[in-house]
Every structure is written in C-alpha cells, then in structure tokens.
Amino acid sequence: MSLSIRKAVVEDCPRIMELVRELALYEKAPEQVTVTMEEVIKAGFGEHPVWEAFVGIHDGQIVGLSLFYIRYSTWKGRRLYLEDIIVTEEMRGMGYGKVLLDHTIAFAKEKGYSGMMWQVLDWNEPAIRFYKKYDTNFENEWLNVNINF
C-alpha cells in the first residue's frame, strides 16, 4: 500500500469537489450537491475556516479524503465530526479508508477531543461493516433534523 496522507490545501479543492460528487452519485443523490467551489474555498481556507481535511495521495493523485470539523457537546465537550470519508471507487478495498480514518482518529486524540462522531446511511452495508471494525457505537434513538435555507 502506498498512500501518503497530508493536510488539504486550497489547491486541492477542485479534486475535493470531484470526490464529493462521486460520493453523491454513490449515495444516489447527485442533485443534492449544491455547494459552489467559491463556498468550499471560503469555508475551508477563508478568514474563518470551518472545515479541515486530510487527503490521501496515491501515485501523485488524490484518491481519498477525510473532511471534518469540530463540534461542541454540552455533555462531552469538544468532539471531531467526520463529515465525509471518501475513497474513490477504483481504490476501494485497498485499505486506504482505514489509513484515512486512523489518521483522523489520531489527530482527534492528539488534539485532546473527547471523541469522534459521524453518520452512515442505513443501506450502506460496506461502510457499516467497515465502521464496525472499530470500537464504534451505532445509535438508534436520535433522529437527524435539519432546516434548509
């Protein structure tokens, strides 16, 4: 396995958007990706960045992404929220997702966060099996709620 991990830089944003669109296709919701490149750049690298990411590079090409931000729990304190972990389809099954997730977990521990959290679609059995390899807890009593503007 030859995957190197580094922090994302602004020049990675076009490839990050390609990976996001690939994920949206996989999740059968490509029309739901409405964010602009301008917003991605501003939100990640502007005056007040709200997300960070690690990229996985194989043979000089970004083939994976771990995008996250910090959330605050009044019960648990600072926690890392993993928004997306993506490995491009042709590179899945090579252990790259594990490398990205392990790197992100190590980062959260190094920062002293109380834990990590993320979501997985209930029909995404490959992802569920992957996450069950870790000491994860799957919650079933909380419902996702959102409002769109």
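**Close-up views**

**View 1. T36, a partly exposed loop residue.** T36 has a relative accessible area of 42%, so it counts as partly exposed (buried means under 20%, exposed over 50%, and partly exposed is in between, with a 1.4 Å probe and protein chains only). You'll find T36 in the loop between α1 and α2, with α2 spanning residues 37–45. (Helices, H or I with at least four residues, and strands, E with at least two, are DSSP runs numbered from the N terminus.) Now look for S114: T36 and S114 are 78 residues apart in sequence, and their C-alpha atoms are 32 Å apart in space.

Before you go on, this is a predicted model, where local features need pLDDT of at least 70 and side-chain atom pairs count only at pLDDT 80 or more, while totals for chains, interfaces and linings use all residues. Residues are numbered from 1 along each chain as its sequence is written, and side-chain values use heavy atoms, with hydrogens and water left out.

**View 2. The open sheet, strand by strand.** Here 5 strands line up in the order β1-β2-β3-β4-β5, and their pairing is mixed (two strands pair if DSSP finds at least two bridges between them). Which strands stand at the edges? They are β1 (4–7) and β5 (116–117): each has a single partner strand, so one side of each is left without a neighbour in the sheet. Further in, β2 and β3 run antiparallel and are joined by 7 bridges. Between β4 and β5 the direction is parallel, with 2 bridges joining them.

**View 3. The hairpin of β3 and β4.** Strand β3 covers residues 61–73 and strand β4 covers residues 77–87; the two pair in the antiparallel sense over 10 bridges. The hairpin they form has 3 residues between the strands. Follow the partners across: R71 has R79 in β4 as its bridge partner, while G64 stands opposite V87 in β4. On the β5 side, L80 stands opposite M116. Is β4 mostly covered or mostly open? It's mostly covered, since the definition of buried above fits 8 of its 11 residues.

**View 4. The hairpin of β2 and β3.** This hairpin has 2 residues between its strands. Take a look at D59, which takes a positive phi near 50°. Across the pair, I57 stands opposite I62 in β3.

**View 5. Y72, an exposed residue in strand β3.** Y72 sits in strand β3. With 59% relative accessibility, Y72 counts as exposed. What does Y72 touch, not counting residues up to four places away in sequence? The list is G77 and R78 (contact means heavy atoms within 4.5 Å). F107 is 35 residues from Y72 along the chain, and the C-alpha atoms of Y72 and F107 are separated by 17 Å.

**View 6. D12, a buried loop residue.** D12 belongs to the loop between β1 and α1. How buried is it? The relative accessible area of D12 is 6%. Leaving out residues up to four places away in sequence, D12 touches R6, K7, V55 and I62. You've already met I62 in View 4, as the β3 residue opposite I57.

**View 7. Helices α1 and α2 meet.** The axes of α1 and α2 come within 10 Å and cross at roughly 115°. (Axes are lines fitted to C-alpha atoms, for helices over the stretch in contact, and angles run from 0 to 180 degrees between N-to-C directions.) On the α1 side, C13, P14 and M17 make the contact; on the α2 side, the partners are M37, V40, I41 and F45.

**View 8. Helices α1 and α3 on the sheet.** Go back to the β3 and β4 pair, with its 10 bridges. Helix α1 (residues 13–26) packs on the sheet and touches β3 and β4; its direction makes about 85° with that of β3. Helix α3 (residues 96–111) packs on the sheet too, touching β1, β2 (52–58), β3, β4 and β5. The direction of α3 makes about 165° with that of β4.
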